[in-house]
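Open the model in your viewer and show it as a cartoon. Keep the sequence panel in view too. We will go from stop to stop, selecting as we go.

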Amino acid sequence: PRTSSVVTETDVLMYELRKDVFDTLACSGVMRAALEERFSEDVLAACSGVMRAALEERFSEDVLAACIGSVTVFKHLSEASCRLVVSQLEKVECQANKVLVDCKDTVNMFYFISRGKLCVQLKGNPDTKLHDGSFYNEVSLFHDVPRTTHIFAEIPTLVYTLSKAALEAVSPLFTEAERIEMHAVANAEYRKAIAVLLWNVLLFKKTPFEIVMQLSITLALRVFPQDTNIIKEGEGGTDMYFVARGAVGVYQNSRRVLVLRDGDYFGEVALVHNTPRTATITAEENSQVFTLSRDSFSEIVQRYPEQWN
């Protein structure tokens with residue numbers, strides 16, 4: 001039953017959403033509503049409670065600012081600061097099958113899906129679909145996150161992009177407290193991204209994510225100039241390596257047999273066995289590589305022995 005009466009005191013324009021329409025349009029926790037003739041079917045309310053409306057070909061500045069405010073790394077920004085971020089967005093119309101992100105890309109870019117659908121492909125994992133109101137890759141605005149995904153538009157899609165340089169152009173206008181909080185959240189999200197990188201290694205597949213997170217904190221980032229040997233065939237070693245950015249060649253008997261790129265790893269046997277390296281790994285270009293030492297791994301094993309029996 002209604003708990004109150006509502007009477008118009010002046011002329012009022014109101015929008016009505018009927019239950020039968022809501023039940024028909026509700027999908028995966030995201031409410032879709034067609035409100036009046038000028039609203040397209042892309043008008044939706046995100047489960048965060050922020051109304052996100054695509055008015056045909058563009059988002060209004062107000063709605064975009066609200067959307068930006070719902071992104072993890074921007075949640076502590078004021079409305080004025082969110083509008084500054086919105087001022088730096090670039091609109092990209094994508095035709096079906098257009099590739100937005102390739103595993104070989106090194107661009108630090110954030111993506112916000114206004115209308116349409118993107119497919120995210122990660123080697124060894126089921127495809128993920130990104131729909132209206134979704135966002136992707138915000139951590140790369142602050143850190144060089146390994147590129148491990150291939151992303152393309154499944155249908156014609158409207159995407160807003162934000163580059164690292166564009167964010168850096170307006171961030172000095174944020175308050176100091178906003179900048180500190182934004183970077184703190186970004187650092188935490190970055191560690192999660194690196195932990196996911198670890199979690200894809202067979203050795204850690206069945207390890208609880210909380211433990212993998214602890215292990216990710218011990219990773220060290222190293223830079224190898226082009227043509228530098230990272231490890232040499234026949235030599236001993238105690239470290240495992242993850243390619244963060246760049247490309248490294250795998251050589252056996254002086255012959256290149258494979259090229260590893262962002263998100264790939266090598267040397268995991270050294271964490272548990274004292275055996276000679278079976279290949280030489282050389283930086284094919286200037287590359288950033290995470291290292292996990294045997295000491296760090298052993299410390300986690302001793303702390304949680306039940307996970308490694």
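**Stop 1: a sheet of four strands**

Find the open sheet whose four strands come in the order E6-E13-E8-E11, paired antiparallel. Its edges are strand E6, residues 90-94, and strand E11, residues 135-136; each has a single partner strand, so one side of each lacks a neighbour in the sheet. Keep in mind that this is a predicted model.

Select residues 157-163 next. This is strand E13, and six of its seven residues are buried, so the rest of the structure largely encloses it. Now look at its partners. E13 pairs with E6 in the antiparallel sense, over five bridges. Show Glu 90 and Thr 161: Thr 161, in E13, is the bridge partner of Glu 90.

How many bridges join E8 to E13? There are six, and the two strands run antiparallel. To see one pair, select Phe 112 and Tyr 160; Tyr 160 is the bridge partner in E13.

Stay with strand E8, residues 109-115, and turn to E11. Two bridges join these antiparallel strands. Which residue of E11 stands opposite Tyr 111? Select Tyr 136 to see it.

**Stop 2: another sheet of four**

Move to the open sheet with the order E7-E12-E9-E10. Its four strands also pair antiparallel. The edge strands are E7, at 99-101, and E10, at 128-130, and each of them pairs on one side only. Look along the sheet and compare the strand directions. On average, neighbouring strands here are turned by 30 degrees against each other, direction ignored.

Now select 118-122 and 149-153. These are strands E9 and E12, which run antiparallel and are joined by five bridges. Pick out Cys 119: Phe 152 in E12 stands opposite.

**Stop 3: two helices that cross**

Leave the sheets and select residues 176-199, which form helix H5. Add helix H6, residues 209-216. H5 and H6 pack with their axes 8 Å apart, at an angle of about 110 degrees. How are the two helices set against each other? Angles of 65 to 115 degrees count as roughly perpendicular, and H5 and H6 are therefore roughly perpendicular to each other.

Show the side chains where they meet. From H5 come Arg 191, Lys 192, Ile 194, Ala 195, Val 196, Leu 198 and Trp 199. From H6 come Phe 209, Val 212, Met 213, Leu 215 and Ser 216. By class, this contact has nine nonpolar, one polar and two charged residues.

**Stop 4: Ser 216**

Zoom in on Ser 216, which belongs to H6. Is Ser 216 buried or exposed? Its relative accessibility is 0%, so Ser 216 counts as buried. Which residues does Ser 216 touch, leaving aside its neighbours within four places in sequence? Select Arg 191, Ile 194, Ala 195 and Leu 198 to show these contacts. Then find Met 213. A polar atom of the Ser 216 side chain lies 2.6 Å from the backbone oxygen of Met 213.

**Last stop: the whole chain**

Zoom out and show everything. The chain has 309 residues, and 42% of them count as buried. Its secondary structure comes to seven helices and 21 strands. Finally, consider contacts with a separation of 6 or more: residues 24 or more positions apart account for 68% of them.

Terms used: Residues are numbered from 1 along each chain as its sequence is written. This is a predicted model: local features need pLDDT of at least 70, side-chain atom pairs count only at pLDDT 80 or more; totals for chains, interfaces and linings use all residues. Side-chain values use heavy atoms; hydrogens and water are left out. Two strands pair if DSSP finds at least two bridges between them. Buried means under 20% relative accessible area, exposed over 50%, partly exposed in between (1.4 Å probe, protein chains only). A polar contact is a pair of N or O atoms within 3.5 Å; within protein, one must be able to donate a hydrogen and the other to accept it, and residues adjacent in sequence count only if both atoms are side-chain atoms. Contact means heavy atoms within 4.5 Å. Axes are lines fitted to C-alpha atoms, for helices over the stretch in contact, and angles run from 0 to 180 degrees between N-to-C directions. Angles under 35 degrees count as roughly parallel, over 145 as roughly antiparallel, 65 to 115 as roughly perpendicular and the rest as oblique. Ala, Val, Leu, Ile, Met, Phe, Trp, Tyr, Cys and Pro count as nonpolar, Asp, Glu, Lys and Arg as charged, and the others, Gly among them, as polar.
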